[in-house]
Amino acid sequence: MPNLEHPAYPAADLLRLESLVPCRESQVSTLLSIFGERQQLSFPSIFIYGHTSSGKTYVMQTLLTTLQLPHVFVNCVEHFTSRLLLEEILIQLQRCSSGTEQASPVHCDTLNDFVRLFKQAVASPGLQDQTLYIVLDRAEQLREMEANILPAFLRLQELTDRNVTVVLLSEIVWELYRPNIGCFEPFTMYFPDYSIGHLQKILSQNHPPEYSADFYAAYINILLGVFYMVCRDLKELRHLAALNFAKYCEPVVRGEANERDTRKLWKNIEPHLKKAMQTVYLREISSSQWERLQHDGGEPGQLKGLSAHTHVELPYYSKFLLIAAYLASYNPVRTDKRFFLKHHGKIRKTNFMKKHEKTSNHLLGPKPFPLDRLLAILYSIVDNRVAPTANIFSQITSLVTLQLLSMVGQNDQLDGPRYKCTVSLDFIRAIAR
Amino acid sequence: AHDFRSTSDDSEDTGLRFVTCQSLWNQIKSETEKIQEDLNKQLLNNLVSFLSQAHADFQEKTTEWSCRMKFREIPTAALVLGVNVTDHDLTFRGLSDVLQDNITPYVALLEAKDCPGVKNLMQKLMGQLMNCDIDDPLEDEDCVQVSQNRIRCSMPSLISWYESVTKKIDSETPSKKRNSSSRHCQSPPVVVIFKDMESFTTKVLQDFIVISSQHIHELPLVLIFGIATSPMIIHRLLPHSVSSLLCIELFQSLSCKEHLSTIIDKLLLTSRFPFKLGGKVLQVLINIFLYHDFSVQNFIKGFQLCIVEHFYSQPLSVLCCHLEDIKKRVHSLSHDQCENIRRLPSFRRYVEEQESGKQIALLTNENFLKEETEKLLKDLHVYHENYVSILRCLHVFTSSLPKYPLGKQIRELHCACLENRVWETEEYESSLQLARMLNKTDLVTMLQRCVEILMSSSGKEFDRTVEKLKEFLTQFQNLEAEASQERDVSVPSQKELQKKTDLYHLQKTLLELKESRRSKKLTKFEMLRFEVVDYIDSLVRRYLVPADDRTLHEIVYFNAAAVLRGHLNAAPRTALHTALNNPHWYLKNQALKCDGGGISNKAPDICIVYKLHLECGRLINLVDWLEAFSTVVMAAEEPNADAASSDQVDDIIHARFIRAVSELELLGFIKPSKQKTDHVARLTWGGC
């Protein structure tokens, strides 16, 4: 029973479309009813949002290509300036209308030019009496371009006086887009996350040709059991499924179990998947290294992950500078005299010490400190005398470039630069040893 | 670029010195380059195999199920290079050369400072890639055309460029095709190297990775991240959604300390180069390395400075040449140079030790002097050869002792030996003590290694030493056989002990046993061990004499540590303070020579203003300052000047004061303050 029904499009196409977009039938049918028939004017702009990999891009693309609607598909991250974006739309439009791959270069700097050139391009016979769809993927980038880009796209239909619909795809809600001066409100549409059942259905769809669908579905079931808690990204799950499938099949290939022996297979794969969650999923080791390990049957323990290499070797004074910076960042100024002076006098126990007892300085994060304080602490923690040579100062700068210190408010170099220490206590412990 | 000639006459062989210095440096330079190449070879090979693998998988089996299903990640090499950023340039240059020879002509090196935004990054990337096959004559015209059209810096244009380039390789003439395909595979990957990963902004990296991951099917891209700290930085810079687009493998370069050890081993502990570093100088260089920068490049630069300084400042350094040239050079020495030799402290010491007849000959007869000099220089050469071999032997011993009293690295031992008589130090004493407690297996392996070192050394004197050491080794072997017999002897006494139950007798035998054990403490093995250690000690005393004790060491050893420190350990604050506080130091004008803390009015205005400002607190009142300034300046001029005019400050003095103060502001000592009107704030601290 086909869920998608629309008088304007052939039933065969709709059926194919339905098979291609599992678990998104309702969204597709809503979209279809908004689109209407080919020649009908549609809503000027549609805003579709939903979490990462909830099928926004995929559904739009499949919908438009399957029904052979004229469209332009542009990724806003890739075309990072308005000029690149507009030119790319026009180039794709040329291809759309003429049907050839070759496109002559276009020059389009402003939106005014764009509207003019757009009208020219749409005038071609191929596009005349159909709705043209412009899909802008990752539309959140539009906010960072010139202020007129987003409002103009939202009412492009009105500006060009042509049959065009702009579709924005984004991961964030519309409220974060709305400019101060107000704009045309698009039709917003939400793509909910896939549920575990949806994921199961979608992932099981592409089973390898050598094995039966049921066998693969059982595998996906186990996989989701392990990974669903941490990862709902369809792309990532599919990648993980492909990576570990060979291991799952191993007992079957060796003849120790048949395809229905789910319990045995589960016992074989489960610890393996858990290990994968700690390593490959976090990109501690790369997937090609993981595959090699599987192939050789070695233990993942042999291969150290990225975070195993935390130790950084630093020159002698750099170490002390970093320690001094850490102390300056996390100790309040008033304790300096007590900690770093030989004759600091009696420690007065006052009330204000107790007031702050609860909030640890580590929870508050590093505080900025001036260069002079850093050097003063350095002189007091290094045993022998340190001459303030150029080498010491250049070391501070190189620590900044290594991102171990960071500079705060770098506008005035003369005014005594201020720094922050950005490393953790563990790191300091490691180098202080 | 530089010539040591200061005057036209060449009595001190300046020309020859310059040539010698140049050729020596060129030798050392090529040697260091070779060492570095060897050290990086392993790393580069690993990287090359990774890169050639990276895209091969996908090209072969794109139709297979698992490959279709798998998300296609960008192959990425995380290259951990250590914090010595100055050395990275050389590594990257070597890397890109190797890549261009073996894998792909398309290599782009990106630096963070060129890429504040994605746009700049793409521009830089495309600029580097599209120029990289400029040697192709056909390509030239295209490039010009493209640049005239002001290429659009976007991924599609990069891809179309890549397609056209790879197509061109395919359609080229057969001879050329064979040539290129032998070196590069069919569709060579495009390698993008991020030189300093830490300095890139998160957004630029993220956007670039997201963009390129969308086009990975059309453009086989490989990323290389140059990381100075730890690979954790990848996770800090990139969120999971981005890092999941990468297939990261880790590569680690050699630690810079090991690198330095190799350099020292190959450059200093060898008799190949006539020039030597003195103990203090070496210590300065090593300290800069360990305390400040970890940079091997800087160490080599420092070494170069030593060479130049030595040949420049020491006229006799003309004799600092290879053994074959010594005879010729000694005999062509001028009269002045002979005098220079006679003036050397070590030579004077030598002369004083000779008998009177020879003394006179040395001081008056030039030919005799030259003969003697040649002999002494050859001795010095032999001394150095022996020194190195024995130093290595001693290092074999000291490096395995607990707590390393003489240092773990051979460079520490080398410094200790150069500095003073090592056998007079406490550390040496304690290490000998420890050596006397070594067990047999260790001792035997050490002796064997010493034999190997001495056999491979070029010194001729070691035949007897080697024999002696071998003799020790055979004695140790004999001991083993004896030891088994001894064990048999000791068993009956134990039995006797068990037999006697009488308390008195038991006590007596126990005492006896104890006595015998004390006297027998020196078993044969222990005796032998003492002998070995004593022998090593004698070798040390004979060969590891500090270089300062050798005659004519000034010719070959560079010892001006203070000069070097002045050049390398710049202290800008101190220098500035000296210049302003004591202008005589730099200006060398007798009038400026002042005594004590007084302020001379002849000093430049800025010095006067500086000295006055030292006496002030954090905020300085400009009016008071001007008053003080005019008082100082007027002091020398007629004291009986008009009382009226002293009230009103002279316009010229006022102008001079304003200029001096703004100069101080420019130097960063003061800045205008908003807290109080007509006040400036001091920026320096602890200056007074």
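Is Lys274(A) buried, exposed or partly exposed? Let's start there, everyone, and then walk outwards. Keep in mind that what you have in front of you is a predicted model.

Lys274(A) sits in helix α11 of chain A, which covers residues 262–278. Its relative accessibility is 40%, so Lys274(A) counts as partly exposed, because that label covers the range between the 20% limit for buried and the 50% limit for exposed. Now look for Val226(A). Along the chain, Val226(A) and Lys274(A) are 48 residues apart, yet their C-alpha atoms are separated by 6.9 Å.

Next, where do the two chains meet? On one side, 65 residues of chain A take part, and they are in contact with 60 residues of chain B. Here is a handy idea for your first interface: its size is often given as the accessible area lost when the parts come together. For chain A and chain B, the buried area is about 5400 Å², and carbon and sulfur atoms give 60% of it. Three residues, Glu78(A), Arg283(A) and Leu306(A), supply 12% of the area that chain A buries against chain B, and no other three residues supply more.

How many salt bridges does the rule find across this interface? The count is two. Lys203(B) makes a salt bridge with Glu144(A), and their closest N and O atoms are 3.9 Å apart. There are also 10 residue pairs in polar contact between the chains, counting pairs with both residues at pLDDT 80 or more.

Which parts of chain A do the touching? Several helices each supply at least two residues to the side that touches chain B, among them α4 (82–98), α12 (287–296) and α18 (390–401). The helix that gives the most is α10(A), with seven residues. Sorted by class, this side of chain A has 28 nonpolar, 21 polar and 16 charged residues.

Let's move over to chain B. You can find 33 helices and 10 strands in chain B, and 46% of its 688 residues count as buried. Now take the contacts in chain B between residues at least 6 apart in sequence: 75% of them join residues at least 24 apart. Chain B exposes about 35500 Å², with carbon and sulfur atoms supplying 52%.

Salt bridges give us some nice examples to click on. Over all chains, the search finds 30 of them. One joins Arg272(B) to Glu31(B), with the closest N and O atoms 2.8 Å apart. These partners are 241 residues apart: Arg272(B) is in the loop between α12 and β6 of chain B, while Glu31(B) is in helix α1. Arg272(B) is partly exposed at 45% relative accessible area, whereas Glu31(B) is buried at 8%.

Another pair is Asp549(B) and Arg421(B), whose side chains meet at 3.0 Å, N to O. They are 128 residues apart, and each lies in a loop of chain B. Asp549(B) is partly exposed at 32%, and Arg421(B) is partly exposed at 35%.

For a pair within one helix, try Asp537(B) and Arg541(B), which form a salt bridge at 3.2 Å. Both lie in helix α25 of chain B, four residues apart, about one turn of the helix. Here Asp537(B) is buried, at 12%, and Arg541(B) is partly exposed, at 39%.

One last stop: Asp89(B), Glu111(B), Lys113(B) and Lys195(B) are linked in a network of salt bridges. Thanks for listening!

Terms used:
Residues are numbered from 1 along each chain as its sequence is written. Chains are lettered from A and ligands numbered from 1 in the order in which they are written. This is a predicted model: local features need pLDDT of at least 70, side-chain atom pairs count only at pLDDT 80 or more; totals for chains, interfaces and linings use all residues. Side-chain values use heavy atoms; hydrogens and water are left out. Buried means under 20% relative accessible area, exposed over 50%, partly exposed in between (1.4 Å probe, protein chains only). Contact means heavy atoms within 4.5 Å. Accessible areas come from the Shrake-Rupley method with a 1.4 Å probe; for residues, only the protein chains shown count as cover. Buried area is the accessible area (1.4 Å probe) that two parts lose on being put together, summed over both. A salt bridge is a side-chain nitrogen of Lys or Arg within 4 Å of a carboxyl oxygen of Asp or Glu. A polar contact is a pair of N or O atoms within 3.5 Å; within protein, one must be able to donate a hydrogen and the other to accept it, and residues adjacent in sequence count only if both atoms are side-chain atoms. Ala, Val, Leu, Ile, Met, Phe, Trp, Tyr, Cys and Pro count as nonpolar, Asp, Glu, Lys and Arg as charged, and the others, Gly among them, as polar.
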